[in-house]
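Trainee: I would like to go through this structure with you, step by step. Where should we begin?

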Amino acid sequence: MKKAKKIIRAFAPDVIVGTGGYASFPMVRAAAQLGIKTAILEVNATPGIATKQLAKKVDCTMLSFAETEKLVPGAKRCVLTGSPVREEILRCREKEYAPLFDND
């Protein structure tokens, strides 16, 4: 936490967004303690420990599934955003990827 706060003070960000998991926990928690705007993105249907703890401290918890909101009790604010998806995934064609899933 001390190192995270030192980095935050040196960089002076306007907002910090955590993308989940224990790796982002110290930075997001430190930012919240320093009064910097914070958000976390939870793309899983079942949030982990870090998300559950941070949701109570951050300004916004972005969720991929509406059902997840009930699993983060005490969250300040939840917003249903869905999951970010790369453009090439949205444009993929079944016939191009079908061979990957054939059992032959």
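**Elements, sheet and core**

Mentor: The protein chain has five helices and four strands. Keep in mind that this is a predicted model.

Trainee: In what order do the elements of the protein chain run from the N terminus on?

Mentor: Helices and strands are both present, five of the former and four of the latter. Written from the N terminus on, the order is α-β-α-β-α-β-β-α-α.

Trainee: What is the order of the strands in the open sheet?

Mentor: The sheet is open and has four strands, with parallel pairing. Its edge strands, each pairing on one side only, are strand 1 (15–18) and strand 4 (78–80). Neighbouring strands are turned by 20° against each other on average, direction ignored. The strand order is 1-2-3-4.

Trainee: Which residue of strand 4 is the bridge partner of Met-62?

Mentor: Strand 3 covers residues 60–63 and pairs with strand 4 in the parallel sense over three bridges. The bridge partner of Met-62 in strand 4 is Val-79.

Trainee: Along strand 1, which residues point to one face and are buried?

Mentor: In a regular strand, side chains alternate between the two faces of the sheet. Strand 1 shows this alternation: Val-15 and Val-17 point to one face and are not buried. The residues that point to the other face and are buried are Ile-16 and Gly-18.

Trainee: What is the handedness of the β-α-β crossover from strand 1 to strand 2, right-handed or left-handed?

Mentor: Strand 1 and strand 2 (residues 37–42) run parallel and are joined by four bridges. One bridge partner pair is Ile-16 with Thr-38 in strand 2. Between these strands the chain passes through helix 2, and the crossover is right-handed.

Trainee: Which helix gives the most residues to the largest nonpolar core?

Mentor: The core has 14 residues, and those touching the most other members include Ile-8, Ile-16 and Val-28. Helix 1 (2–11), helix 2 (25–33) and helix 3 (49–54) are the elements that give two or more residues to this core. With four residues, the one that gives the most is helix 2.

Trainee: Leaving aside neighbours within four places in sequence, which residues is Ile-8 in contact with?

Mentor: Ile-8 is among the core members that touch the most others. With neighbours within four places in sequence left aside, its contacts are Pro-13, Ile-16, Met-27, Ala-30, Ala-31, Leu-34 and Ile-36.

Trainee: Is Thr-51 buried or exposed?

Mentor: Thr-51 is found in helix 3. Leaving aside neighbours within four places in sequence, Thr-51 is in contact with Ile-40, Glu-42 and Val-72. The cut-off for buried is under 20% relative accessible area. Thr-51 has 4%, so it counts as buried.

Trainee: Why does Ala-75 count as partly exposed?

Mentor: Ala-75 lies in the loop between strand 3 and strand 4. Leaving aside neighbours within four places in sequence, Ala-75 is in contact with Ala-55, Lys-56 and Thr-61. Partly exposed covers the range between buried, under 20%, and exposed, over 50%. Ala-75 counts as partly exposed because its relative accessibility is 21%.

Trainee: How far apart in space are Ala-75 and Lys-52, C-alpha to C-alpha?

Mentor: In sequence the two residues are 23 residues apart. In space, from C-alpha to C-alpha, Ala-75 and Lys-52 are apart by 8.0 Å.

Trainee: What percentage of the residues of the protein chain count as buried?

Mentor: The protein chain exposes about 7,500 Å², and carbon and sulfur atoms supply 56% of that area. Of its 104 residues, the part that counts as buried is 28%.

Notes. Residues are numbered from 1 along each chain as its sequence is written. This is a predicted model: local features need pLDDT of at least 70, side-chain atom pairs count only at pLDDT 80 or more; totals for chains, interfaces and linings use all residues. Side-chain values use heavy atoms; hydrogens and water are left out. Two strands pair if DSSP finds at least two bridges between them. Axes are lines fitted to C-alpha atoms, for helices over the stretch in contact, and angles run from 0 to 180 degrees between N-to-C directions. A nonpolar core is a set of buried Ala, Val, Leu, Ile, Met, Phe, Trp, Tyr and Cys residues joined through side-chain atoms within 4.5 Å. Buried means under 20% relative accessible area, exposed over 50%, partly exposed in between (1.4 Å probe, protein chains only). Contact means heavy atoms within 4.5 Å. A crossover is right-handed if, with the strands pointing away from the viewer, the path from the first strand over the helix to the second runs clockwise. Accessible areas come from the Shrake-Rupley method with a 1.4 Å probe; for residues, only the protein chains shown count as cover.
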